[in-house]
Amino acid sequence: MRWKLNSSVYKRVPSRETAMEPDVETPMRMTDAAGTGPSWRMSLPHVCVATLTSFLFGYHSGVVNEPLESISTDLGFAGNTLAEGLVVSICLGGAFIGCLFSGSIADGIGRRRAFQLSALPMIVGAAISALTNSLEGMLLGRFLVGTGMGLGPPVASLYITEVSPPSVRGTYGSFVQIATCLGIIVSLLIGAPVKDIDRWWRVCFWVAAVPATLQALAMEFCVESPQWLYKCGRTIEAEMQLEKLVGPLHVKSAMAELSRSERDDGESVKYSELFYGRHFNVVFIGGVLFALQQFSGINSVFYFSSTVFRGVGVPANLANICMGISNLSGSIIAMVLMDKLGRKMLLSGSFLGMAFAMGLQAVGANRQYLGSTSVYLSVGGILLFVLSFSLGAGPVPGLLLPEIFPNKIRAKAVALCMSVHWIVNFFVSLLFLRLLEQLGPQVLYTIFSSVCVVAAIFVRRHIVETKGKSLQEIEVSLLQAQ
């Protein structure tokens, strides 16, 4: 199925609230008499607070990379590779659980309270990790942190999508990827003195509690999502929050747009309803998109790049710095281009760039015939792969899915699709080294490259362009097109 946005569908779609029913012949835009939209400045502070979740996600993803050796020595499990692997990967188990429940939590208590709830296990988990004197305590702390890591990012995607003006929604959505990159870089910088200062790794975990506490407090001063309030039937509150986001001049047109959304009608959507009926196709596309993102091999690159770099004689520290710069640079470029070129073009171009980069790595793996040239191809391929990923395949899915899911199912559908991300992430990470050993780098990298080509084709055939469209325009158009 290929969906296209078509304003003519409004001729057949009635408003859900007759009191604020807009002219169904012409979609209403959030513009005033002068034809200008709401200022991006009013929503920016709320978006910045929300992206602290993504910063924490990046920080906790990288916080044990440098200190792991010191942690294992101090806690008495040095040389136990299984224990070391659990310290790194147990976050994935917690993240899956947190992500799976994020939709119900965000719909049940609202986006703001969900942010605060996600910060709580991150604060407690970081404190337990910093204070523990045993492996069991470290695993408990990392698991709690993982639940917050799983709960926070889906809520951030929802919240940023729902409070951002259409004209800058793509730009704001890119903040998530940039914040994640910054979190990883900061974790590497904070962890740098770990070999020189005794028990510095405890400081690394204490540092993580600071932004989590800051977000929990700052959310008290942020707006609640008008989309969620309207969906719950709290129309007056939704109007009050919109005034803080778009200004008094745009509230009427913004409420008219909200009136196009589906209401809960007193019954919440069950997860089982996402697997059949009219919502199945859009949820299926979202799940496949996240699966393809992970099957592209991106996390095998992030998790095991140091091994690859060391194999070609490049120091791990230099490799991490180069990858961080590449990731951050691509994310900044994506932020600039997201609302100019659009989601679809960035996403398909990103996957094609990743396919080419994986092809370079496959060719570079043939050291017997290429000699020193293989080093440049391997290193260049990894850096180009990370750059290409950060241009589209990284930031776009988390922004695009909340845009294309109807308001009624948005929170649970995003949670379900991001759960697919965690499941595939776990299996790719678990099996990568075994497949590398069994198949060899050339075959495995060729498989990853082929997946990226398939992903680009999938995007071209099934993904709609949402640039500049209000959430209600997208919702009405997609539901009518089914």
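1. Surface patch. In this predicted model, a nonpolar patch lies on the surface and is formed by I423, F426, F427, L430, L431, L435, L439, V443 and I447, which together have about 750 Å² of accessible area. Two elements, α19 (410–439) and α20, each give two or more residues to this patch, and the largest share, seven residues, comes from α19. As general background, an α-helix has 3.6 residues a turn, so residues three or four places apart point the same way.

2. One member of the patch. L435, which belongs to the nonpolar patch, has its place in helix α19. Is L435 buried or partly exposed? L435 counts as partly exposed because its relative accessibility is 36%, and the range for that class lies between 20% and 50%.

3. Overall make-up. The secondary structure of the protein chain comes to 21 helices and zero strands. Of the 482 residues of the chain, 57% count as buried, while the accessible surface comes to about 19700 Å², with 65% of that area belonging to carbon and sulfur atoms. Among contacts between residues at least 6 apart in sequence, 83% join residues at least 24 apart.

4. The largest nonpolar core. In soluble globular proteins, nonpolar side chains tend to be buried together. Here the largest nonpolar core has 90 residues, and the members that touch the most other members are Y159, V283, L289, F351, F385, I404 and F405. Helix α20 (residues 441–462) gives the most to this core, with nine residues, and the core draws at least three residues from each of domain 1 (39–222) and domain 2 (275–481). Helix α20 therefore deserves a look from two sides, since α20 gives two or more residues to the surface patch and also gives the most residues to this core, where membership requires a residue to be buried.

5. Around V283, and a second core. Which residues does V283 touch, not counting residues up to four places away in sequence? The partners of V283 are L274, F405, I409, A413, L416 and C417, and of these F405 is itself listed among the core members that touch the most others. A second, separate core of 20 residues includes V63, F77, L135 and M138.

6. A buried glycine. G148 has its place in helix α6 (residues 135–163), and G148 counts as buried because its relative accessibility is 0%. Leaving aside neighbours within four places in sequence, G148 is in contact with S118, P121, M122 and P153. The C-alpha atoms of G148 and L117 are separated by 7.9 Å, although these two residues are 31 residues apart along the chain.

7. Salt bridges with partly exposed partners. The count of salt bridges comes to ten. One of them joins the side chains of R113 and E220, at 2.5 Å from N to O; this pair links distant parts of the chain, with R113 in helix α5 (residues 111–131) and E220 in the loop between α8 (200–218) and α9 (226–231), 107 residues apart. R113 counts as partly exposed because its relative accessible area is 34%, and E220 is likewise partly exposed, with a relative accessible area of 42%. Another salt bridge is formed by R234 with E237, whose closest N and O atoms are 2.7 Å apart. R234 is partly exposed, with a relative accessible area of 33%, and E237 counts as partly exposed at 33% relative accessibility.

8. A salt bridge between buried residues. E162 forms a salt bridge with R410, the closest N and O atoms being 3.0 Å apart, and the pair links distant parts of the chain, with E162 in helix α6 and R410 in helix α19, 248 residues apart. Are the two partners buried or exposed? E162 counts as buried because its relative accessibility is 5%, and R410 counts as buried because its relative accessibility is 0%, the cut-off for this class being under 20%. Salt bridges that share partners join D107, R111, E162, K231, R410 and K412 into one network.

9. A covered helix. Helix α11 (residues 251–258) is mostly covered, with seven of its eight residues buried. The buried residues of α11 are V251, S253, A254, M255, A256, E257 and L258.

Key: Residues are numbered from 1 along each chain as its sequence is written. This is a predicted model: local features need pLDDT of at least 70, side-chain atom pairs count only at pLDDT 80 or more; totals for chains, interfaces and linings use all residues. Side-chain values use heavy atoms; hydrogens and water are left out. A nonpolar core is a set of buried Ala, Val, Leu, Ile, Met, Phe, Trp, Tyr and Cys residues joined through side-chain atoms within 4.5 Å. Buried means under 20% relative accessible area, exposed over 50%, partly exposed in between (1.4 Å probe, protein chains only). Helices (H or I, at least four residues) and strands (E, at least two) are DSSP runs, numbered from the N terminus. Domain bounds come from an automatic or database domain assignment. Contact means heavy atoms within 4.5 Å. Accessible areas come from the Shrake-Rupley method with a 1.4 Å probe; for residues, only the protein chains shown count as cover. Patches are made of residues with over 30% relative accessible area and no salt bridge: like charges are joined within 9 Å, nonpolar side chains (Val, Leu, Ile, Met, Phe, Trp, Tyr) within 5 Å. A salt bridge is a side-chain nitrogen of Lys or Arg within 4 Å of a carboxyl oxygen of Asp or Glu.
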